[in-house]
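Q: Could you take a close look at one part of this structure, and then set that part beside what surrounds it? I am new to this structure, so a connected account would help.

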Amino acid sequence: MNACQVLGNFGEGAATNEVIAALINATRDEDGNVRSDAWAALGNLGEKAATNEVIATLIDATRDEDCYVLSKACEALGKSGEKAATNEVIVVLLNAPRDKNWYVAENACAALVNLGEKAGNNEVIAFLIDATRVADSYVRGKACEVLGKLRAKASTIEVITALIYATHDADSAARWKACAALGNLGAKAATNEVIAALIDATRDEHSSVRSEACKALGNSGEKAATVEVIAALINATRDADSFVQANASLVLIKLSEKAATIK
């Protein structure tokens, strides 16, 4: 265990100016392992270590060529609390997952969710809504994914409207992430417009979108137990794709069980 790891293990109690300065200095080390350990330690120190200098240095670190360092920098940003919930940080995190390594994508997405949950305002959510309409399809899809993971905090009319719009996105990945997000928001977001959009999505040209739409309908609660939804799901059980068939069948069973419970 090196010095950075030891300091990080002390948690917020070690967040003194001297310790923070030493860790910032370690983030510039030539050894990638030392840099990643320094970022991990700063993340463990929590919001007390989230000075303007630390956040600025973290933003720079998301350009590091070492994927593991990049991953730890994203993770640390997510632990930095409301101070890190700025447009600049959100842009960096939305773009960071372009890296080929899955753990970078996971940590960047988790960081965005953490910032959205901790920030005591709607700035993060507002920015993510805007991001569902940018020119870059990857960012549009990632914004939908993060909004869905925010669940209750994102169950607003503005978010739901943006996600409905995204179910018609030109990019299939963005469409299925929009369907997944609406499913994650659950029954609270199951407006007539949402149900209608998901029914349309069960007829999408891409099987991944059709499959996700079926699952989302299954998470939409009692409001999904309509003649139109059931007809769409029955049709989906005849889909050419086996995953779509399976998900449609499971949702039909789920809806029939709920109906029996209500009776």
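A: In this predicted model, Lys177 lies over the face of Tyr138, at 5.8 Å from the ring centre. By contrast with that pairing of a charge and a ring, the count of aromatic pairs comes to 0.

From there, attention can turn to the interior, beginning with the empty space. Rolling a probe the size of a water molecule over the atoms shows where empty space is left. The count comes to 1 cavity of 30 Å³ or more, and the largest cavity has a volume of about 40 Å³. Helix H3 (32-44) and helix H4 (52-61) are the elements that give two or more residues to the lining of this largest cavity. The lining is made up of Leu42, Gly43, Gly46, Ala49, Ala50, Val54, Leu58, Ala76, Lys79 and Ser80, and these residues divide into 6 nonpolar, 3 polar and 1 charged.

Helix H4 can then be followed through its buried residues, which are Val54, Ile55, Thr57, Leu58, Ile59 and Ala61. An α-helix has 3.6 residues a turn, so residues three or four places apart point the same way. The buried residues of H4 pack against helix H2 (17-26), H3, helix H5 (67-78) and helix H6 (87-95), while Val54 and Leu58 also appear among the residues that line the largest cavity.

Two leucines in other helices can be considered next. Leu115 has its place in helix H7 (residues 102-118), and it counts as buried because its relative accessible area is 1%, which falls under the 20% cut-off. Leaving aside residues up to four places away in sequence, Leu115 touches Leu77, Gly78, Gly81, Ala84, Ala85, Val89, Leu93 and Val124. Leu115 and Thr86 are 29 residues apart in sequence, and their C-alpha atoms are 9.3 Å apart in space.

Leu252, for its part, is found in helix H15 (residues 242-262). Leu252 counts as partly exposed because its relative accessibility is 21%, and buried would mean under 20%. Again leaving aside residues up to four places away in sequence, Leu252 touches Ile230, Leu233, Ile234 and Thr237. With Ile230, which is 22 residues apart from Leu252 along the chain, the C-alpha separation is 7.0 Å.

Technical notes:
Residues are numbered from 1 along each chain as its sequence is written. This is a predicted model: local features need pLDDT of at least 70, side-chain atom pairs count only at pLDDT 80 or more; totals for chains, interfaces and linings use all residues. Side-chain values use heavy atoms; hydrogens and water are left out. On a 1 Å grid over the protein atoms alone, a cavity is a set of points where a 1.4 Å probe fits but cannot get out, and a pocket is an open set with protein on both sides within 12 Å along at least five of seven lines; lining residues have an atom within 4 Å of a point. Grid points are joined across faces, edges and corners, and a volume is the space filled by probe spheres set on the points. Helices (H or I, at least four residues) and strands (E, at least two) are DSSP runs, numbered from the N terminus. Ala, Val, Leu, Ile, Met, Phe, Trp, Tyr, Cys and Pro count as nonpolar, Asp, Glu, Lys and Arg as charged, and the others, Gly among them, as polar. Buried means under 20% relative accessible area, exposed over 50%, partly exposed in between (1.4 Å probe, protein chains only). Contact means heavy atoms within 4.5 Å. Rings of Phe, Tyr and Trp (its six-membered ring) pair if their centres lie within 6.5 Å; planes under 30 degrees apart count as stacked, over 60 as edge-to-face and the rest as tilted. A charge sits over a ring if NZ of Lys or CZ of Arg is within 6 Å of the ring centre and within 35 degrees of the ring normal.
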